[in-house]
Amino acid sequence: MLSYPLVIEEDAGTLLVTSPDFPELTTFGEDREEALARAVDALEEAIAARMHSRLDIPSPSHGEVRVTLPTLTTVKLMLYQGMRDRGIGKAELARRLGWHLPQVDRVLNVQHSSRLEQMDAALGAIGLRLDVSARDVSGGAAPSVADESPPYP
(Lines give C-alpha, C1' and ligand atoms only; values in the text may rest on other atoms or scores of the structure.)
Protein backbone atom coordinates (compact mmCIF):
# COMPACT_ATOMS: atom_id res chain seq x y z
CA MET A 1 0.00 0.00 0.00
CA LEU A 2 1.11 3.52 -0.62
CA SER A 3 1.72 5.89 2.23
CA TYR A 4 2.19 9.60 1.48
CA PRO A 5 3.74 12.20 3.79
CA LEU A 6 1.75 15.09 5.22
CA VAL A 7 2.56 18.37 6.89
CA ILE A 8 0.24 19.27 9.76
CA GLU A 9 0.31 22.81 11.14
CA GLU A 10 -1.88 24.56 13.65
CA ASP A 11 -3.83 27.39 12.03
CA ALA A 12 -6.26 29.56 14.03
CA GLY A 13 -7.49 26.73 16.24
CA THR A 14 -7.66 24.04 13.56
CA LEU A 15 -5.06 21.77 12.03
CA LEU A 16 -4.10 22.56 8.44
CA VAL A 17 -2.92 19.59 6.37
CA THR A 18 -0.85 19.82 3.20
CA SER A 19 1.28 17.38 1.24
CA PRO A 20 4.77 17.88 -0.20
CA ASP A 21 3.94 15.40 -3.00
CA PHE A 22 0.59 17.00 -3.94
CA PRO A 23 0.82 20.81 -3.66
CA GLU A 24 -2.88 21.03 -4.56
CA LEU A 25 -3.86 19.06 -1.43
CA THR A 26 -5.10 21.20 1.43
CA THR A 27 -7.52 20.11 4.12
CA PHE A 28 -8.08 20.62 7.82
CA GLY A 29 -9.44 19.09 11.00
CA GLU A 30 -10.46 20.13 14.46
CA ASP A 31 -8.08 17.52 15.89
CA ARG A 32 -5.37 15.18 14.58
CA GLU A 33 -7.75 12.25 14.02
CA GLU A 34 -10.18 14.33 11.96
CA ALA A 35 -7.35 15.98 10.02
CA LEU A 36 -5.86 12.60 9.05
CA ALA A 37 -9.27 11.20 8.05
CA ARG A 38 -9.91 14.22 5.83
CA ALA A 39 -6.39 13.90 4.42
CA VAL A 40 -7.16 10.43 3.03
CA ASP A 41 -10.19 11.80 1.18
CA ALA A 42 -8.24 14.82 -0.04
CA LEU A 43 -5.40 12.61 -1.24
CA GLU A 44 -7.82 10.40 -3.19
CA GLU A 45 -9.35 13.52 -4.75
CA ALA A 46 -5.91 14.84 -5.74
CA ILE A 47 -5.04 11.50 -7.32
CA ALA A 48 -8.40 11.35 -9.14
CA ALA A 49 -7.86 14.85 -10.52
CA ARG A 50 -4.38 13.97 -11.77
CA MET A 51 -5.68 10.79 -13.36
CA HIS A 52 -8.48 12.75 -15.04
CA SER A 53 -5.91 15.24 -16.37
CA ARG A 54 -3.68 12.34 -17.49
CA LEU A 55 -0.78 13.40 -15.29
CA ASP A 56 1.80 11.22 -13.57
CA ILE A 57 1.23 10.40 -9.92
CA PRO A 58 4.33 11.03 -7.80
CA SER A 59 5.92 8.27 -5.77
CA PRO A 60 5.70 8.92 -2.04
CA SER A 61 8.51 11.03 -0.66
CA HIS A 62 9.87 10.93 2.87
CA GLY A 63 8.11 12.40 5.84
CA GLU A 64 7.36 11.67 9.45
CA VAL A 65 3.57 12.02 9.37
CA ARG A 66 2.02 9.76 6.71
CA VAL A 67 -1.39 8.74 5.48
CA THR A 68 -2.00 5.39 3.78
CA LEU A 69 -4.21 5.06 0.74
CA PRO A 70 -6.95 2.43 0.81
CA THR A 71 -5.89 -0.82 -0.84
CA LEU A 72 -8.28 -0.51 -3.79
CA THR A 73 -7.08 3.03 -4.52
CA THR A 74 -3.49 1.78 -4.49
CA VAL A 75 -4.32 -0.97 -6.97
CA LYS A 76 -6.14 1.50 -9.26
CA LEU A 77 -3.12 3.77 -9.08
CA MET A 78 -0.85 0.85 -10.05
CA LEU A 79 -3.07 0.16 -13.04
CA TYR A 80 -3.13 3.81 -14.11
CA GLN A 81 0.62 4.30 -13.78
CA GLY A 82 1.33 0.94 -15.42
CA MET A 83 -0.79 1.99 -18.40
CA ARG A 84 1.08 5.31 -18.64
CA ASP A 85 4.49 3.64 -18.34
CA ARG A 86 3.62 1.17 -21.13
CA GLY A 87 1.86 3.67 -23.40
CA ILE A 88 -1.46 1.82 -23.15
CA GLY A 89 -4.61 3.91 -23.41
CA LYS A 90 -8.11 3.13 -22.25
CA ALA A 91 -9.26 1.98 -25.69
CA GLU A 92 -6.37 -0.48 -25.93
CA LEU A 93 -7.05 -1.81 -22.43
CA ALA A 94 -10.72 -2.27 -23.33
CA ARG A 95 -9.72 -4.16 -26.50
CA ARG A 96 -7.33 -6.43 -24.59
CA LEU A 97 -9.97 -7.25 -22.00
CA GLY A 98 -12.97 -7.42 -24.31
CA TRP A 99 -14.65 -4.71 -22.22
CA HIS A 100 -16.59 -1.58 -23.12
CA LEU A 101 -14.96 1.79 -22.36
CA PRO A 102 -17.30 2.53 -19.40
CA GLN A 103 -15.98 -0.62 -17.70
CA VAL A 104 -12.41 0.63 -18.11
CA ASP A 105 -13.45 4.05 -16.80
CA ARG A 106 -14.85 2.38 -13.66
CA VAL A 107 -11.70 0.37 -12.89
CA LEU A 108 -9.72 3.62 -13.11
CA ASN A 109 -12.20 5.61 -11.00
CA VAL A 110 -10.95 5.82 -7.39
CA GLN A 111 -14.51 6.47 -6.20
CA HIS A 112 -15.87 3.26 -7.76
CA SER A 113 -15.77 0.01 -5.77
CA SER A 114 -14.28 -2.27 -8.39
CA ARG A 115 -13.99 -5.97 -7.69
CA LEU A 116 -10.57 -7.47 -7.10
CA GLU A 117 -11.04 -9.88 -10.03
CA GLN A 118 -11.55 -6.91 -12.36
CA MET A 119 -8.44 -5.18 -11.08
CA ASP A 120 -6.42 -8.38 -11.40
CA ALA A 121 -7.61 -8.90 -14.99
CA ALA A 122 -6.85 -5.29 -15.93
CA LEU A 123 -3.37 -5.45 -14.45
CA GLY A 124 -2.74 -8.76 -16.24
CA ALA A 125 -3.82 -7.20 -19.54
CA ILE A 126 -0.98 -4.67 -19.27
CA GLY A 127 1.59 -7.25 -18.17
CA LEU A 128 1.46 -6.76 -14.41
CA ARG A 129 0.64 -9.30 -11.73
CA LEU A 130 -1.03 -8.39 -8.49
CA ASP A 131 0.66 -10.05 -5.51
CA VAL A 132 -1.19 -10.02 -2.21
CA SER A 133 0.45 -10.37 1.18
CA ALA A 134 -0.42 -9.68 4.78
CA ARG A 135 1.86 -8.44 7.52
CA ASP A 136 1.40 -8.67 11.25
CA VAL A 137 1.25 -5.06 12.42
CA SER A 138 2.62 -6.03 15.83
CA GLY A 139 5.93 -7.03 14.25
CA GLY A 140 5.55 -10.82 14.12
CA ALA A 141 5.30 -12.87 10.99
CA ALA A 142 1.86 -13.20 9.40
CA PRO A 143 0.67 -16.70 8.59
CA SER A 144 1.10 -17.68 4.98
CA VAL A 145 -1.44 -19.90 3.27
CA ALA A 146 1.30 -21.26 1.04
CA ASP A 147 3.34 -22.28 4.10
CA GLU A 148 0.50 -24.14 5.78
CA SER A 149 -0.23 -27.80 5.19
CA PRO A 150 -3.68 -28.56 3.82
CA PRO A 151 -6.13 -29.80 6.47
CA TYR A 152 -6.78 -33.00 4.51
CA PRO A 153 -4.50 -36.01 3.79
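1. Two strands are taken to pair here if DSSP finds at least two bridges between them. By that criterion, in this predicted model, strand β2 (residues 14–18) and strand β3 pair in the antiparallel sense, with four bridges between them. Several of the residue partners can be named: L16 has F28 in β3 as its bridge partner, V17 has T27 in β3, and L15 stands opposite G29 of β3.

2. On its other pairing, β2 is joined to β1 by five bridges, and these two strands also run antiparallel. One of the partnerships is that of V7 with T18 in β2. The two strands β1 and β2 form a hairpin that has two residues between them, and A12, which lies in the turn, has a positive phi of about 50°.

3. Taken as a whole, the sheet is open and has four strands in the order β3-β2-β1-β4, with antiparallel pairing. Because β3 and β4 (65–68) each have a single partner strand, they stand at the edges, and one side of each is left without a neighbour in the sheet. Neighbouring strands of the sheet are turned by 40° against each other on average, with direction ignored. As background for reading such a sheet, strands pair through backbone hydrogen bonds, either parallel or antiparallel.

4. The edge strand β3 (residues 26–29) deserves a look at the level of its side chains, which alternate along the strand: T27 and G29 point to one face and are buried, whereas T26 and F28 point to the other face and are not buried. In a regular strand, such alternation between the two faces of the sheet is the general pattern.

5. Helix α1 (residues 32–52) packs on the sheet and touches β1 (3–11), β2, β3 and β4, and its direction makes about 155° with that of β3. Which residues does L43 contact, leaving aside its neighbours within four places in sequence? With those neighbours set aside, L43 is in contact with Y4, F22, L25, V67 and L69.

6. L43 appears again in the largest nonpolar core, which has 38 residues; F22, L43, I47, I57, L79, L93 and L108 are the members that touch the most other members. The elements giving two or more residues to this core are β1, β2, α1, β4, α2 (71–86), α3, α4 and α5. Among the contributors, α1 gives the most, with eight residues.

7. Turning to the helix pair α3 and α4, the axes of helix α3 (residues 90–97) and helix α4 (residues 101–108) come within 9 Å and cross at roughly 110°. The two helices are therefore roughly perpendicular to each other. In their contact, K90, A91, L93 and A94 of α3 meet L101, V104, D105 and L108 of α4. The residues of this contact divide into six nonpolar, no polar and two charged.

8. Two individual residues can be set side by side. T74 lies in helix α2 and, at 2% relative accessibility, counts as buried, since the cut-off for that class is under 20% relative accessible area. Leaving aside neighbours within four places in sequence, T74 is in contact with M1, L2 and L69. D120, by contrast, is placed in helix α5 (residues 116–125) and, at 39% relative accessibility, counts as partly exposed. The C-alpha atoms of D120 and V132, which are twelve residues apart along the chain, are separated by 11 Å.

9. For the chain overall, there are five helices and four strands, and read along the sequence they follow the pattern β-β-β-α-β-α-α-α-α. The C-alpha trace spans about 60 × 45 × 25 Å along its principal axes. Buried residues make up 35% of the 153 residues in the chain. Of the contacts in the chain with a separation of 6 or more, 57% are accounted for by residues 24 or more positions apart.

Key:
Residues are numbered from 1 along each chain as its sequence is written. This is a predicted model: local features need pLDDT of at least 70, side-chain atom pairs count only at pLDDT 80 or more; totals for chains, interfaces and linings use all residues. Side-chain values use heavy atoms; hydrogens and water are left out. Buried means under 20% relative accessible area, exposed over 50%, partly exposed in between (1.4 Å probe, protein chains only). Axes are lines fitted to C-alpha atoms, for helices over the stretch in contact, and angles run from 0 to 180 degrees between N-to-C directions. Contact means heavy atoms within 4.5 Å. Angles under 35 degrees count as roughly parallel, over 145 as roughly antiparallel, 65 to 115 as roughly perpendicular and the rest as oblique. Ala, Val, Leu, Ile, Met, Phe, Trp, Tyr, Cys and Pro count as nonpolar, Asp, Glu, Lys and Arg as charged, and the others, Gly among them, as polar. A nonpolar core is a set of buried Ala, Val, Leu, Ile, Met, Phe, Trp, Tyr and Cys residues joined through side-chain atoms within 4.5 Å.
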